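Please open the model in your viewer and keep the selection tool at hand. The stops below go from the ligand outwards.

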Amino acid sequence: MPMENQSMSTPQEPDVVIVGAGSAGIGAARKLLASGLSVMVLEARDRIGGRTVTRSFKGHPVDLGAHWLHAGPINPLVKLGFERGEPLRRAPTKGHFHVRGKPGRNAQRAALDRAFDMADRAMTQAAKARDDQAAAKVLPAGMGPLGKRVAEIHGLVSGRPLDEVSLHDFPSMEYADNLFIAGGLGGYVARLGKDLPIRLSTAVHAIDWSEQGVRIESTEGTLRAKAVIVTTPMAVLQQDAIRFAPALPNEVQQAIHGFTQGVYEHVILHWPDAPFRGPDRLATLVGTRRSPPGLLTRIDNTPFHFFELDQPHAAHFDRRDAYAPARFAREILAEHFGHRALHHVSVMHATAWRNDPWSRASWAVVPPGLAAIRDVLKAPIGERIWFAGEALSRAQWGTAGGAWEEGERAASEIATKLKASG
Ligand SMILES: Cc1cc2nc3c(=O)[nH]c(=O)nc-3n(C[C@H](O)[C@H](O)[C@H](O)COP(=O)(O)OP(=O)(O)OC[C@H]3O[C@@H](n4cnc5c(N)ncnc54)[C@H](O)[C@@H]3O)c2cc1C
């Protein structure tokens, strides 16, 4: 039996069907309802939120997916959060820096900051050129011994190594002005989706747009609507999870298949006596053979930490047993702090969004030279099918805020169109 999420009545023939109840789908539904249209959201999973979900470990809420509210000044989830009086807090801008397990000297930290500045300046400048290329190609040679680490960190947050990422995407990645939210970002998105007309455990497998309007076929039956917003992740669409009849135009299919799978996974550590003070700080560990691809310490001032996996490491673990990420996290931390410092570490969970059939990636990445594919997908098809989701956002790609922004964009365009046609 499909579960309904809400108390609101569920129209049999809504104006708009939305496929997916992640940030894009929830943002779109709220916007359409606010403009007086009827909506039905169909969600394959038995919960809402998509790649934002918060789970409780030892009584503390911890995000399994998105955690940061990036790009505060342009992130619609931040604006809405402040309006609603949500418990937002600014992310610290200064992180920890350890060399072989000990706090680094100021000069060493300054060298890291300099390497980051040089990389950012070079990429921002080169991205202004009309021709696109791989972001890695323009990294300056003079970044010093920490240059490799800087490239790896940029690769981690991009979802792929920089030689596989479009340079044209680079200046849009906004690191400054990040925020967190108490109780987790997944909890926040779930609050925003509460009471919306959402049908859970309902996977859409076909969209027929051969006649007027659209016919949406799902595991729980067929719905008709005037328009549909598809927020399914690109990596899921690439698996032909949804059959379109007639087939989508060639350039749209090519755009969908142009994205690659961005991979970023959390290994969730409970480490009460970790050598890091202060809440929500990133930690850069250098000076030994290997470093954590990423480390966020004392989340929300708790004993929980994210040991982050980048795409190359996650791909490597796919060929090994389920405990490989946990072992890896322990080995690397032992290299830096010694085995005794890890006596009280428990690995609570390692995410695998890349293998989840309803996401298949953490976000979508544009390879070098394909920057135009986002714009192809922004144009509605037959004035009935809109795509939305993190992959389409230019300024906030790969983020929950970008997904929300794109959901709202599609909803506004549909509202304008349906009102004009009476
Ligand atoms: C580990 C991790 C960390 C991240 N960190 C951050 C971060 O700190 N900050 C940030 O902003 N972003 C982060 N992201 C990215 C962010 O989570 C996503 O960009 C964003 O949540 C995507 O929203 P969306 O609505 O586009 O897609 P989703 O959230 O994936 O929503 C799509 C929905 O469609 C459903 N669906 C799929 N197929 C079907 C079907 N056939 N029928 C019906 N429903 C279907 C899915 O179940 C899902 O609920 C992270 C992601 C991961 C995995």
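The tour covers a ligand site, a helix and a strand, in that order. Keep in mind throughout that the model is predicted.

**Stop 1: the ligand**

Select the ligand and the residues around it. The shell comprises 39 residues, and E43, R51, W68, V204 and A400 are the closest. By type, the shell residues divide into 18 nonpolar, 17 polar and 4 charged.

Next, show the backbone of A44, W68 and A400. At A44, a backbone N or O atom lies 3.1 Å from a nitrogen atom of the ligand. At W68, a backbone N or O atom is 2.8 Å from a ligand nitrogen atom. At A400, a polar backbone atom lies 2.9 Å from an oxygen atom of the ligand. Now switch on the surface: on its own the ligand has 1000 Å² of accessible area, and the protein covers 99% of that. Colour α1 and α11, the elements that give two or more residues to the shell around the ligand.

**Stop 2: helix α2**

Keep α1 and α11 coloured and select α2, residues 76-84. Which residues of helix α2 are buried? They are P76, L77, V78, L80 and G81. To see what covers these buried residues, add α1 (23-34) and α11 (400-420), together with β5 (88-90), β8 (179-181) and α5 (185-193), which are among the covering parts.

Then look at the two ends of the helix. N75 caps the N-terminal end of α2, with a side-chain oxygen 2.8 Å from the backbone nitrogen of L77. After the helix comes G85, which has a positive phi near 70 degrees.

**Stop 3: strand β10 and its partners**

Select residues 204-208. V204, listed earlier with the closest residues to the ligand, falls within this range, which is strand β10. Is β10 largely enclosed or open? Of its 5 residues, 4 are buried, so the strand is largely enclosed by the rest of the structure.

Add β11, residues 214-218. This strand runs antiparallel to β10 and is joined to it by 4 bridges. To find the register, pick D208, which stands opposite R215 in β11. The hairpin of β10 and β11 has 5 residues between the strands, and G213 there takes a positive phi near 65 degrees.

Finally, add β14, residues 243-245. Here the pairing with β10 is parallel, through 3 bridges. Pick A206 to find R243 of β14 opposite.

Definitions and conventions. Residues numbered from 1 in each chain as written. Predicted model: local features only at pLDDT ≥ 70, side-chain atom pairs only at ≥ 80, totals over all residues. Heavy atoms only, no water. Buried < 20%, exposed > 50% of the residue type's maximum accessible area, 1.4 Å probe, protein only. Pairing = 2+ DSSP bridges. Contact = heavy atoms within 4.5 Å. Polar contact = N/O pair within 3.5 Å; in protein donor to acceptor, adjacent residues only side chain to side chain. Near = heavy atom within 4 Å. Areas by Shrake-Rupley, 256 points an atom, 1.4 Å probe, with all protein chains shown as cover. Nonpolar A, V, L, I, M, F, W, Y, C, P; charged D, E, K, R; others polar.
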